[in-house]
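Open the structure in your viewer and keep the selection tool at hand. We will go from stop to stop, and at each one you will hear what to select and what is there.

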Amino acid sequence: MLNTINSLDSLIFAKLEVGQQFYWQLGNLKIHGQVLITSWIVIGLLVVVSFLASRSIQRIPSGIQNFMEYALEFIRDIAKNQIGEKEYRPWVPFVGTLFLFIFVSNWSGALVPWKLVKLPVGELAAPTNDINTTVALALLTSLAYFYAGFSKRGIGYVAKYIQPTPILLPINILEDFTKPLSLSFRLFGNILADELVVGVLVLLVPLFLPLPAMGLGLFTSAIQALIFATLAAAYIGEAMEGHGEHEEEHHE
Amino acid sequence: MDPLVSAASVLAAALAVGLAAIGPGLGQGNAAGRAVEGIARQPEAEGKIRGTLLLSLAFMEALTIYGLVVALVLLFANPFAG
């Protein structure tokens, strides 16, 4: 479809490719290599920064430790607001991992000049630019909230499917499928749309004009990371919250 | 690709994202207007209102993005290309 646009490609401009993958063969599986490369870089960055921040913990934090403590408090507040004061603590690592990985991935797509690295096929971009990454994250969220529900309420968790009335059973079951679907499509669509908008603008006017769109892209990517983490925490909190416990939660 | 299929796909892609923009447009306008009202009535709550507004705007935007995903599938990964 975009043959005419692709023929304009030069050294610097992104090629506006969608669906062109750099495949790695692993046994019988074909793996999207460019996504793995960028994910590893993002993971490496996060590990290095966390290591540096927690290497020598001071009582009065300064520099990078201060920054990471701020990030931790931010994530803890997300979890606390959605899951509740009593249960949120074990879920902070999960919610925080989701938030940090998505946030750094999204921003790396806009801030790191991936496109300067030449691949045989396709091009490097944010890991969340690929539907497989976002579906994986969304399915992990599904698993997490099922685990949370069953571990907190045992087999009584299935009772929520016939609440408030058994007539809603099909809709309640459908909801388990639409949750990961909407989570993954929201993230994937937003990131891909950002990159496409910037790509098209760069193609039309290569200088200065794309900057506001890139700024907007940074903003929406940050909001998307926040939304993904908030929703994951909300689903987990919803799965754990029993019907008898509403009252005592209001007391606090 | 069959020219009829590609013509229909391009039209469908345009309609998908265009129609999907209507509802969220109305919703976002409504939400932003109410938020401005709220801030005018209670300027001290501005921070909280802004945060909630941004979060809900992003949720509404997701609906258009679903249309966009359908449009992108039709343009770049058409299942009927055969």
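Select chain A and follow its elements from the N terminus: they run α-β-β-α-α-α-α-α-α-α. That gives eight helices and two strands in chain A. Keep in mind that you are looking at a predicted model.

While chain A is still selected, consider how it is filled. Buried residues make up 29% of its 252 residues. Of the contacts in chain A with a separation of 6 or more, 68% are between residues 24 or more positions apart.

**Stop 1: the two strands**

Now select residues 23–26 of chain A, which are strand β1, together with residues 29–32, which are strand β2. The strands pair in the antiparallel sense, over four bridges. To see one of these pairings, pick A:Trp24 and look across to β2(A), where its bridge partner is A:Ile31. As a general point, side chains in a regular strand alternate between the two faces of the sheet.

What do β1(A) and β2(A) form, and how many residues lie between them? They form a hairpin, with two residues between the strands. Click on A:Gly27 in the turn: its phi is positive, at about 65°.

**Stop 2: two packed helices**

Next, select α3 of chain A, residues 63–83, and add α7(A). Two packed helices are described by the angle between their axes and the distance between the axes. Here the angle is about 35° and the axes are 8 Å apart. The crossing of α3(A) and α7(A) is right-handed.

To see where these helices touch, show the side chains of A:Ile78, A:Ala79, A:Gln82 and A:Ile83 on α3(A). On α7(A), the residues to show are A:Ala229, A:Thr230, A:Ala233, A:Ala234, A:Ile236 and A:Gly237. Sorted by type, the residues of this contact are seven nonpolar, three polar and no charged.

**Stop 3: one leucine**

Now go to A:Leu201, which sits in helix α6 of chain A. Is A:Leu201 buried or partly exposed? It counts as partly exposed, because it has 16 C-beta neighbours inside 10 Å, and a residue needs 20 or more to be buried.

Which residues does A:Leu201 touch, leaving aside its neighbours within four places in sequence? Select A:Leu209, A:Pro210 and A:Ala213, and you have its contacts. For a distance to try in your viewer, draw a line from A:Leu201 to A:Ile41: they are 160 residues apart in sequence and 27 Å apart in space, C-alpha to C-alpha.

**Stop 4: where the chains meet**

Bring chain B into view. The contact between the chains takes 13 residues from chain A and 12 residues from chain B. On the chain A side, the elements that give two or more residues are α6 (169–204) and α7 (210–240). The largest share, seven residues, comes from α6(A). By type, this side of chain A divides into eight nonpolar residues, four polar and one charged.

**Stop 5: chain B by itself**

Finally, hide chain A. Chain B has two helices and zero strands. Turn it around: along the principal axes, its C-alpha atoms fill a box of roughly 60 × 15 × 10 Å. A compact globule of 82 residues would have a radius of gyration near 12 Å, whereas chain B has 18 Å.

Buried residues make up 20% of the 82 residues in chain B. Among its contacts between residues at least 6 apart in sequence, 79% join residues at least 24 apart.

Key:
Residues are numbered from 1 along each chain as its sequence is written. Chains are lettered from A and ligands numbered from 1 in the order in which they are written. This is a predicted model: local features need pLDDT of at least 70, side-chain atom pairs count only at pLDDT 80 or more; totals for chains, interfaces and linings use all residues. Two residues are in contact if their C-beta atoms, placed from the backbone, lie within 7 Å. Ala, Val, Leu, Ile, Met, Phe, Trp, Tyr, Cys and Pro count as nonpolar, Asp, Glu, Lys and Arg as charged, and the others, Gly among them, as polar. The radius of gyration is taken over C-alpha atoms; the globule rule is 2.2 Å times the number of residues to the power 0.38. A residue is buried if 20 or more other C-beta atoms lie within 10 Å of its own, exposed if 12 or fewer, and partly exposed in between; C-beta atoms are placed from the backbone. Two strands pair if DSSP finds at least two bridges between them. Axes are lines fitted to C-alpha atoms, for helices over the stretch in contact, and angles run from 0 to 180 degrees between N-to-C directions. A crossing is left-handed if the near helix is turned anticlockwise from the far one by less than a right angle, and right-handed if clockwise.
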